[in-house]
Amino acid sequence: MRHAEAEKQVVVVTNQYRSRWPKELDLEHGDLIQVLFKDDESWWFGRLANGDEGYFPSSCVELLQVHTHLDNT
């Protein structure tokens, strides 16, 4: 299932992961990934900052908390 809101999500890698298949990403702690779509709850597809794209386990990442400044004027 593909979620439109996934295109706006950026996640940060919390656990290192070594790919086991050609279409998976190698993840290093602290890497940022733009989530392109979510196949299911366990495996997502995204793009690293270097342009590499592939699948990665969602258990190795956390949603990057983006704090927005609200101007109350």
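## Close-ups of strands, rings and contacts

Take a look at S4 and you'll find Glu53 standing opposite Arg47. What you're looking at is a predicted model, where local features need pLDDT of at least 70, side-chain atom pairs count only at pLDDT 80 or more, and totals for chains, interfaces and linings use all residues. Residues are numbered from 1 along each chain as its sequence is written, while side-chain values use heavy atoms, with hydrogens and water left out.

**View A. The whole chain, before zooming in.** The protein chain has 5 strands and 0 helices (both are DSSP runs numbered from the N terminus: E with at least two residues for strands, H or I with at least four for helices). Starting at the N terminus, its elements read β-β-β-β-β. Of the 73 residues in the protein chain, 33% are buried (buried means under 20% relative accessible area, exposed over 50%, and partly exposed in between, using a 1.4 Å probe and protein chains only). About 5400 Å² of the protein chain is exposed, and carbon and sulfur atoms supply 50% of that (areas come from the Shrake-Rupley method with a 1.4 Å probe; for residues, only the protein chains shown count as cover). Among contacts in the protein chain between residues at least 6 apart in sequence, 40% bring together residues at least 24 apart (contact means heavy atoms within 4.5 Å).

**View B. S2, S3 and S4 side by side.** Strand S2 covers residues 32-38 and strand S3 covers residues 43-48; they pair in the antiparallel sense over 5 bridges (two strands pair if DSSP finds at least two bridges between them). A hairpin joins S2 and S3, with 4 residues between them. Want a landmark? Val35 has Gly46 of S3 as its bridge partner. S3 also pairs with strand S4, residues 53-57, in the antiparallel sense and over 5 bridges. The S3 and S4 hairpin has 4 residues between its strands, and Gly51 there takes a positive phi near 95 degrees. Farther along, Phe45 stands opposite Tyr55 in S4. A handy rule of thumb: in a regular strand, side chains alternate between the two faces of the sheet.

**View C. Tyr17 meets Trp43.** There are 5 aromatic pairs in the structure (rings of Phe, Tyr and Trp, using the six-membered ring of Trp, pair if their centres lie within 6.5 Å; planes under 30 degrees apart are stacked, over 60 edge-to-face, and the rest tilted). One of them joins Tyr17 and Trp43: the ring centres are 6.1 Å apart and the planes sit at 70 degrees, so it counts as edge-to-face. Tyr17 lies in the loop between strand S1 (10-13) and S2, while Trp43 is in strand S3, so this pair ties together parts that are 26 residues apart in sequence. Is each partner buried or partly exposed? Tyr17 is buried at 9% relative accessible area, and Trp43 is partly exposed at 28%.

**View D. The Phe37, Phe45 and Tyr55 cluster.** Phe37 and Tyr55 make an edge-to-face aromatic pair, 6.2 Å from centre to centre with 80 degrees between the planes. That pair links distant parts of the chain, since Phe37 sits in strand S2 and Tyr55 in strand S4, 18 residues apart. Phe37 is buried, at 10% relative accessible area, whereas Tyr55 is partly exposed at 24%. Bring in Phe45 too, and ring pairs link these residues into a cluster.

**View E. Lys38 and its two partners.** Lys38 belongs to strand S2 and is buried, with a relative accessible area of 15%. Its charged end sits over the ring of Trp44, 4.2 Å from the ring centre (this needs NZ of Lys or CZ of Arg within 6 Å of the ring centre and within 35 degrees of the ring normal). The side chain of Lys38 also makes a polar contact of 2.9 Å with the side chain of Gln9 (that is a pair of N or O atoms within 3.5 Å; within protein, one must be able to donate a hydrogen and the other to accept it, and residues adjacent in sequence count only if both atoms are side-chain atoms).

**View F. Ser58 and the residues it touches.** You'll find Ser58 in the loop between S4 and strand S5 (61-63), where it counts as buried at 15% relative accessibility. Which backbone oxygen does the side chain of Ser58 reach? That of Glu41, at 2.5 Å. Neighbours within four places in sequence aside, Ser58 is in contact with Glu41, Ser42, Trp43 and Trp44.
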